[in-house]
Amino acid sequence: MNLDRPQAPNPYELLPQAPSLTVTSSAFTDGGELPARHSAGGENVSPELSWSDFPAETKGFVVTCFDPDAPTPSGYWHWTVADLDVAVTSLPEGAGADDGSLPGNAFHARSDGGSLAYEGAGPPPGDRPHRYIFAVHALDVESLGVSAEDSPTKVAFLTLFHTIARGTLTATFAQE
């Protein structure tokens with residue numbers, strides 16, 4: 001099958017602008033390659049993420065991982081963590097496990113693959129490198145009023161209306 005197609009835009013560049021916060025990872029640098037360990041074919045473990053420089057009035061966070069390059073009309077949500085407490089400014093490697101170990105009231109919303117956990121990078125073999133955009137949204141509320149059964153698109157939609165700052169960190173990954 002031929003997967004040639006135009007590159008999708010970065011969806012965060014199409015949203016209303018928000019002040020920036022800083023997102024970093026010990027696993028990769030912005031624009032760098034996502035280690036195979038964090039892929040679906042590797043160990044499928046979420047990378048460490050940390051964030052800082054968010055507004056003092058922040059009341060909570062949402063963390064997501066989105067692949068705009070998936071060969072679908074709507075990209076692919078790999079990870080959504082909702083209701084992170086304002087005191088949480090990092091997630092350790094492996095926090096995306098479905099073991100209920102997220103801090104406080106935080107939870108995973110279902111990925112596009114149906115998992116209540118991090119779903120590692122898994123572009124079609126032979127396709128061009130995909131971008132995996134890890135985003136942290138500082139919110140003006142503690143909870144979005146969503147549940148683990150809500151779609152990541154619904155969480156993203158509600159997040160938009162409560163975002164007071166946003167930061168992204170992008171990694172690429174391809175499979176032979």
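What percentage of the contacts in the protein with a separation of 6 or more is accounted for by residues 24 or more positions apart? I looked this up before anything else, and the share came to 75%. I note here that the model is predicted.

**Entry: overall form**

I listed the secondary structure and obtained 1 helix and 8 strands. Reading along the sequence, I wrote the pattern down as β-β-β-β-β-β-β-α-β. I then checked the radius of gyration: for 176 residues a compact globule would come near 16 Å, and the 15 Å of the protein agrees with that. The C-alpha trace spans about 50 × 35 × 30 Å along its principal axes.

**Entry: surface and charge**

I computed an accessible surface of about 8400 Å² for the protein, with 52% of it belonging to carbon and sulfur atoms. Of the 176 residues, 46% are buried. I counted 8 positive and 23 negative charges, and their mean positions lie 5 Å apart.

**Entry: the sheet of 3 strands**

I traced an open sheet of 3 strands in the order 1-2-5, and its pairing is antiparallel. Strand 1 (22–24) and strand 5 (90–91) stand at the edges with a single partner strand each, so one side of each has no neighbour in the sheet. I found 3 bridges between strand 1 and strand 2 (residues 49–52), which pair in the antiparallel sense. In this sheet I recorded Thr-24 opposite Ser-50 of strand 2.

**Entry: the sheet of 5 strands**

I traced another open sheet, of 5 strands, with the order 6-4-3-7-8 and antiparallel pairing. Strand 6 (107–108) and strand 8 (163–173) are its edge strands, and each pairs on one side only. As a reminder to myself, strands of a sheet pair through backbone hydrogen bonds, either parallel or antiparallel.

I next followed the partners of strand 3. Strand 3 is joined to strand 4 by 7 bridges, and the two run antiparallel. Across this pairing, Cys-65 stands opposite Trp-79 in strand 4. Strand 3 is also joined to strand 7 (residues 130–139) by 7 bridges, again in antiparallel fashion. There I noted Val-63 opposite Val-136 of strand 7.

**Entry: burial of strand 3**

How many of the 8 residues of strand 3 are buried? I found that 8 of the 8 are, so strand 3 is largely enclosed by the rest of the structure. I sorted the residues by direction: Gly-60, Val-62, Thr-64 and Phe-66 point one way, whereas Phe-61, Val-63, Cys-65 and Asp-67 point the other way, and all are buried.

**Entry: Phe-66**

I selected Phe-66, which is placed in strand 3, for a closer look. Its relative accessible area is 8%, and with a cut-off of under 20% Phe-66 therefore counts as buried. Which residues does Phe-66 touch, not counting residues up to four places away in sequence? I listed Pro-11, Tyr-12, Ser-74, Gly-75, Tyr-76, Trp-77, Arg-131, Tyr-132 and Ile-133. I also looked up Phe-66 and Ala-121: they are 55 residues apart in sequence, with 9.7 Å from C-alpha to C-alpha.

**Entry: two aspartates with positive phi**

I searched the backbone angles with one expectation in mind: most residues other than glycine have a negative phi. Asp-53 is not a glycine, yet has a positive phi of about 65 degrees. I located Asp-53 in the loop between strand 2 and strand 3 (60–67).

Asp-83, likewise not a glycine, has a positive phi of about 60 degrees. I placed Asp-83 in strand 4 (residues 76–85).

Is Asp-53 buried or exposed? The relative accessibility of Asp-53 is 56%, so I entered Asp-53 as exposed. For Asp-83 I obtained a relative accessible area of 13%, so Asp-83 went down as buried. My final note sets the two side by side: Asp-53 is a loop residue and exposed, whereas Asp-83 is a strand residue and buried.

How values were computed. Residues are numbered from 1 along each chain as its sequence is written. This is a predicted model: local features need pLDDT of at least 70, side-chain atom pairs count only at pLDDT 80 or more; totals for chains, interfaces and linings use all residues. Side-chain values use heavy atoms; hydrogens and water are left out. Helices (H or I, at least four residues) and strands (E, at least two) are DSSP runs, numbered from the N terminus. The radius of gyration is taken over C-alpha atoms; the globule rule is 2.2 Å times the number of residues to the power 0.38. Buried means under 20% relative accessible area, exposed over 50%, partly exposed in between (1.4 Å probe, protein chains only). Contact means heavy atoms within 4.5 Å. Accessible areas come from the Shrake-Rupley method with a 1.4 Å probe; for residues, only the protein chains shown count as cover. Lys and Arg count as positive and Asp and Glu as negative; His and the chain ends are not counted. The place of a charge is taken as NZ of Lys, CZ of Arg, CG of Asp or CD of Glu. Two strands pair if DSSP finds at least two bridges between them.
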